[in-house]
Amino acid sequence: MTDAPDHRPTMAALPFADRLARAMPVLLVPILLVVGFLAIGNPSSWLTLTVSGLAMGMMIFIMASGLTLVFGLMDVINFGHGAFISVGAFVGISVVLGLAEWAQAPSLLLNLGVVLLAVLAAMAVTGLLGWAFERVIVKPVYGAHLKQILVTVGGLIVIEQLIHVIWGPDEIFFARPEMLKGAVTFWGAALEKYRLVAVVIGLVLFVAMRLVFRRTRIGLIVRAGVENGEMVEALGYRLRLVFVGVFIAGSALAGLGGVMWGLYEEVITAGMGEEMMILVFIVVIIGGLGSVEGAFIGALMVGLLQNYIAFLEPKLALISNIGLMTAILMWRPQGMMPVVKAK
Amino acid sequence: MSDPILRLQGVHTDIAQYHILHGVDLEVPRAAVTMLLGRNGVGKTTTLRTIIGHWPARAGTIIYDGADITGVKTPDRARAGIGYVPEDMGIFSDLTVEENMTLAAVSGPLEPTRRDRIFAAFPPLRTFWTSPAGTLSGGQKQMLTIARAMAEERKLYLIDEPTKGLAPAIVSTMAAALRELKTMGASILLVEQNFAVAKALGDHAAVMDDGRIVWTGEMAELAADAALQDRLMGLSMEGGR
Amino acid sequence: MMLHALISGDRPRSRILTALLLAIFLGLLFAPFLFPGVRALETAARISVFILLAASYDLLLGYTGVVSFAHTMFFGMGAYGVGLASQHMGRGYGSLIVGSLAGAALAAAFAFLIALFSLRVRAIFFAMITLAVASAVAVLVSQLSSITGGEDGFTFQIPRALGPANRMGEFMGVQITGKILNYYVVFFCSLILFLVLLRIVNSPFGRVLQAIRENDFRAEAIGYRVVRYRTIATCISAAVAALAGSLFALWLRYVGPDTTLSFELMLDLLLIVVIGGMGTIWGAVIGATLMVLAQTYLQDLMGSAAEATAAIPLLSRLLDPDRWLLWLGVLFILSVYFFPAGIVGRLRAGR
């Protein structure tokens, strides 16, 4: 290992192929959009499917972001994350049902007010639950993956069963707030209003997260902590507190994702979080464990691919995600944007 | 050596089931450079990691600046004024040089005077201020680690092999920077394999073997006595590359 | 000592444990005579199969330290193998054997592929990927109803000699039917496979697995190919699980997602292994027996408890037999924290 005395950064010397390899994950989503367009052939169908794929992807991303960060920071894998999705959905939808008058009124302001209240309630409850979950379930098993998986699965079972105890054993059907029903027509394509809203919320959240990570000290601490937590502590930051904060925020985001998913499906079940976790895990794996950007790209790909395939070859849609995961892992065994671990 | 900045008394450290430190007694005087020397694998890195708190001491006490910090957590040791530069440098390669420095300035934004002093010591850091630290060369990364240590007023620096694998030109830059750190009034505990550097920088020296301190004294005394060096450290020390 | 050789020198190492194991063994061996009645025989067969299934899972979870959520998928492959073979090749022993072997081979192949993709990166990938793959397969099975019978599953015919219509006279006051014969096929096949597993975990191979579980870096450093060992263990475990599935299908003369592929079954399996004791095959015996007995008889008890407390709204809901999993979940978390070695570990420690 010898170092050249000149101080040129190595990046400028990167050949084109290497730079392309670095940028590849970012390019995959536009590539998928174009391939989808060519395969589908009909612009209005393509637009409809794309919006619904993006909406789905955004919701999955919201659920996945907390999970991947929690792993990146403390090497903790939380199989109980899905419980926050379910709890968020039940709390949020209870608010929507409780304020039925507002939800059914043909007023955008009242409708959005209901949704906002539902989201706030869901995030508050799941954030608190996340805090308790971290203290009671996760904290005693730091550093032991096997036990982590076991106890967090146990936590998932218990919380799911408690949902049954509180809200009863059956699924709950409900209607979306009045102004979020129906679709708008755009270039001959019918775009569901709610999906557009979901895309916007997802984008805003992603941009906000990026800003936090790039522009704030806490964001820097989290990014640095994912790479080398020991060094962050040696500089004088209490990583443990940061981790608890991230765990709470991630749980609250899962709750938000749960409300959004519930409003999307117009039915909620205690097992919905567990079902969503499968997509969440796929997204986190193909994105690269610990990488928020990777999870974002992975989520969009999963959403888009599932919708395109469902249109082109419905039978294949069931296994399209597994196929995607297999392909990505063959290409990059650590996922698209693996986090550099200093240890 | 009255009132040292750091005193270790009978420190034992285990890593998993391995017993690495067997009762280390060490004093680090104020405003001086103390070299921690010895063969590979005798516990130098473990000693530094125990002082910063990455590995807990199973027995013994660590007194820093008059206070017992044996049970104190790493972040609080750092906040009390201990700076640590690990052997693997601990650079956040995903962050830019600027972001690395921002994080290093724990108590607030990096002061402009400090930043200018760092730029003067390490000109390349100014050039690559906004580049990801992972794209720097090995020597530049090592400059960043020292620069990071200088971003904050620390009373004691623990520095692990800062010249490892560096080209001679950069080794001298590094030595100059460490000297500047000392003139700023800091105390330094430095692990170094390059004996020429150790000789040039060190005021005091402590030699380890098999998890214990086996010799302490003035660096000049050790440097002058080839037989002593040979007995304490064998062939692993190099006479300066 | 023939017995010593049979159990591969892996003694229970606790008097109480030995007594319990012996009781379970004798109970299962003479089940048709000791506990007459359809439900009791049903329970005994289920216990036999689940002991085998749990033991094969413990090879992975306890001995190798790898968490899999696809074990019921492998179980299902064996079950569907027997079911589909009997359906398409006609009833007969040939179908049973072909179906079992095909199921086991498919399971091993799947396990190999999953291991290839996940184990060489990080062991925790395995948990996530098996979860994703198993759920995809479960969905696929319920969707492809023309082949698999969908959510309802399908019944099939097994050789007449193993059916209830085959009456072979009375023995010790019990009418010997093909059903009882079927029970003994299931029991002895499970027993033999169990002993094979016991041999595997006590072989040098098994000891390497445990060394890897304790410290994979060290094992790698000593020169063991960690990924290869883990992959082989995964394949063996999957194949045995598939054979257990074949036996279960043979017993039920039915296959369906609920009895073979469901996530709840996977949770039951986790509970059996953790509560019985991870890393000791005897734990599977204790855990599976307790679990199946509890499932069969304790739920009745909860039902009556819920009725008795009907006046207290929350408590009666908590005691509802459908909330059975809630209490298992709590028990599960507590045992991971406080009894990581399970019942067997406790018994051995308290010797």
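**Exercise 1. Find how many bridges join strand β1 (residues 6-15) of chain B to β2(B), then place the pair in its sheet.**

Step 1: β1(B) and β2(B) run antiparallel and are joined by 8 bridges. Strands here are DSSP E runs of at least two residues, and helices are H or I runs of at least four, numbered from the N terminus. Two strands pair if DSSP finds at least two bridges between them.

Step 2: For one such bridge, look at R7(B), whose partner in β2(B) is E27(B).

Step 3: The open sheet has 4 strands of chain B in the order β2-β1-β4-β5, with antiparallel pairing. At its edges, β2 (18-28) and β5 (67-68) of chain B each pair on one side only.

A note before going on: this is a predicted model, where local features need pLDDT (the predictor's confidence in each residue, from 0 to 100) of at least 70, side-chain atom pairs count only at 80 or more, and totals for chains, interfaces and linings use all residues. Residues are numbered from 1 along each chain as its sequence is written, while chains are lettered from A and ligands numbered from 1 in the order in which they are written.

**Exercise 2. Decide whether helix α1 (residues 44-52) of chain B is mostly covered or uncovered.**

Step 1: Count a residue as buried if 20 or more other C-beta atoms, placed from the backbone, lie within 10 Å of its own.

Step 2: By this count α1(B) is mostly covered, with 8 of its 9 residues buried; among them are K44(B), L48(B) and I51(B).

Step 3: Just after α1(B) comes G53(B), with a positive phi near 100°.

Note on methods. A residue is buried if 20 or more other C-beta atoms lie within 10 Å of its own, exposed if 12 or fewer, and partly exposed in between; C-beta atoms are placed from the backbone.
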